[in-house]
Amino acid sequence: MITAKKVSENLLKIRNQGPLVHNITNFVVMNNTANALLSIGASPVMAHAPEEMENMAGIASALVINIGTLSNKWIEGMVIAGKTASKRGIPIVLDPVGAGATSFRTQTCHKIIQECSPTIIRGNASEIMALISDDVKTKGVDSTESSDKAVELAKTLSNETGAVVSISGPVDFITNGDQVLSIKNDIPLMPKVTGMGCTASALTGAVAAVCPTPIEAAATGMALMAVAGEMTMPQAQGPGTFQMHFLDALFQMGEAEVLKYLQL
Amino acid sequence: MITAKKVSENLLKIRNQGPLVHNITNFVVMNNTANALLSIGASPVMAHAPEEMENMAGIASALVINIGTLSNKWIEGMVIAGKTASKRGIPIVLDPVGAGATSFRTQTCHKIIQECSPTIIRGNASEIMALISDDVKTKGVDSTESSDKAVELAKTLSNETGAVVSISGPVDFITNGDQVLSIKNDIPLMPKVTGMGCTASALTGAVAAVCPTPIEAAATGMALMAVAGEMTMPQAQGPGTFQMHFLDALFQMGEAEVLKYLQL
Amino acid sequence: MITAKKVSENLLKIRNQGPLVHNITNFVVMNNTANALLSIGASPVMAHAPEEMENMAGIASALVINIGTLSNKWIEGMVIAGKTASKRGIPIVLDPVGAGATSFRTQTCHKIIQECSPTIIRGNASEIMALISDDVKTKGVDSTESSDKAVELAKTLSNETGAVVSISGPVDFITNGDQVLSIKNDIPLMPKVTGMGCTASALTGAVAAVCPTPIEAAATGMALMAVAGEMTMPQAQGPGTFQMHFLDALFQMGEAEVLKYLQL
């Protein structure tokens, strides 16, 4: 269902169409997220004020909602943007950063899922699990559970919500509740750089803007991360150089690199 | 009216005087903007709370207002800071990020122009045009109109507002409604890095703090961007390396580089 | 009282325990602060909403409060988090960014000191002095006073508040009101990069989470900055390369580098 060829085609579509991706995201990652979208060929806009959410989500080709540094006023904007996007039929990606760490975050995710019906939910295993079960506690924003259990719960969340669920980890799993796709590249430095999951969600939004099949879009998003990560590793001496060269890799990536590096 | 020699002299003034530049700017670019100001020799302060705007704008040598990630509370702070700066006679630079993309942004710019009388308005062609005509729609924050038309409209905006208008693009144009200056360096990677326009506005503020002629200050600001961009290009393999080496270039820049690279 | 061996042991404890450090910090530095904490081996979480402060400070091993880009809603969150941390007995680091520049900042620091009893207060000389005396005015966030005077005032502040006070500068001084420790490495590019003080406060929080003696934790925090700075200088051509390689240095640092570079 996902192939290097499809990933390359989706990458080319982003480059050719330059979709406008509306991000309501956290303060930590805004610069990197915007640069990642520019590097891959999309056109990012970051905006959150309730007063302009209808306008902004009204001209975008995809909406990415990331709850990393949440507050009540922003939730208001997220819901307005989400409803506008939902009405217009453009894809919505939800990144439930830190779900499970506080009830404020978990409840906000439930609210967004109910009122906006995200197309794709992308997080780590703990976050995904927190959206189903009260039993799972996250320690900050790092995953603490095994992947196998996560896949099963992701299928459950996908069936409950109707969203494609994308779980990042050493192996990434993407499911529509039925099929499960996986991306097997494991990039050791990636968890040592803040906001790589947020970048994955943003790229997933860019792909979803040009690719009508959510499970394929979500898998392509993770594939782009994986290929850029492989391109970056030989040039990285630590998190600083990794973060910088990763943007260059997104910019330089073409079909050759996808074919060379992607592990399905 | 603008020469490499004047640009060098203004650069030296910034280095010698280290002007305090008060920025009310967007979440995406704050780190880069602060670093760009430090690298060029200015002293940045980022603050937005209405409660401290009189104090902060009261000790600054220039104020930069950037509406990139707007909200009502911030607008309140912008107006207080702008009025304080206006009363004190220090230069105000307005960056109308995304004007035209939403009516909230366009109206906020009109409010700031009316209540604070900015000295310099710096944006891309779409943003500048959006402040005059309702007919121009921007797609996110990227320019979609030709430069020639932009210059004419910039003259119009300058005449309407009394501000110097600085339009960035492949060629930058700076006008006081009468004279038009241009900076002709075209840096291909610059549009692929988020917030370079915001950096241009911040540097323009730093120059305006030490240079009493707004059109010369605005042109010098764009000239510093151009020279740093030329210094950076040979070292950049993509947006990541460009963003980093650009800061080094601002730090390393001296008269020799200005003379070598600036294209007027 | 502080030795390279103790610094190395504390570094190893951070690497082994991966303490969760809750940061309420400013927009300018969030990305770098989170990356610095990841690079040193801690687990950062950035969160500010009053609604989740009890939950978040309730699972953290240390709390870092940084007032760099202040607003009323954030102060509310800071105080709730600070009281929760205080009740739980986890260390609290306060970074009084820009104290003295506006009365809003100075008063907020006084409020946090009174209501939350920070374990360690870390700032530059002007900021520390502003918390004692109304006579000291800061120009933005840069220090304008001599170190000797600062040490005396820091002792005063330490005695007044019960907190360890850590002053950064060409020589860093750390005092519990009685003893004074110093870190003598002077890293010339450090003041040209925004947020290095904020990084120092965050690292101080990470050390405090694993080291029960506040004066030792505070000195270790500054020692980690100093050693990483020395490791970075040979690779830095300016503020851009410094900022990036500094993260790599935190990641690569081991006992050998601490022994080689630390100047006490």
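Which residue is the bridge partner of L63(B) in strand 4 of chain B? I looked it up: I92(B).

**Ground rules.** I'm working with a predicted model, where local features need pLDDT of at least 70, side-chain atom pairs count only at pLDDT 80 or more, and totals for chains, interfaces and linings use all residues. Residues are numbered from 1 along each chain as its sequence is written, while chains are lettered from A and ligands numbered from 1 in the order in which they are written.

**Strand 3 of chain B.** I counted strands (E, at least two residues) and helices (H or I, at least four) as DSSP runs, numbered from the N terminus. Strand 3 covers residues 62-66, and 5 of its 5 residues are buried (20 or more other C-beta atoms within 10 Å of a residue's own, with C-beta atoms placed from the backbone; 12 or fewer is exposed, in between partly exposed). A62(B), V64(B) and N66(B) point one way, L63(B) and I65(B) the other.

Next I checked its partners (strands pair if DSSP finds at least two bridges between them). Strand 3 of chain B pairs in the parallel sense with strand 1 over 4 bridges, and N23(B) stands opposite V64(B). With strand 4 of chain B, strand 3 also makes 4 bridges in the parallel sense.

**Helix 3 of chain A.** I found E52(A), M53(A), M56(A) and A57(A) buried here. They sit on the same side of the helix, because they cover an arc of only 130 degrees around the axis (taken from the directions from the helix axis to the C-beta atoms).
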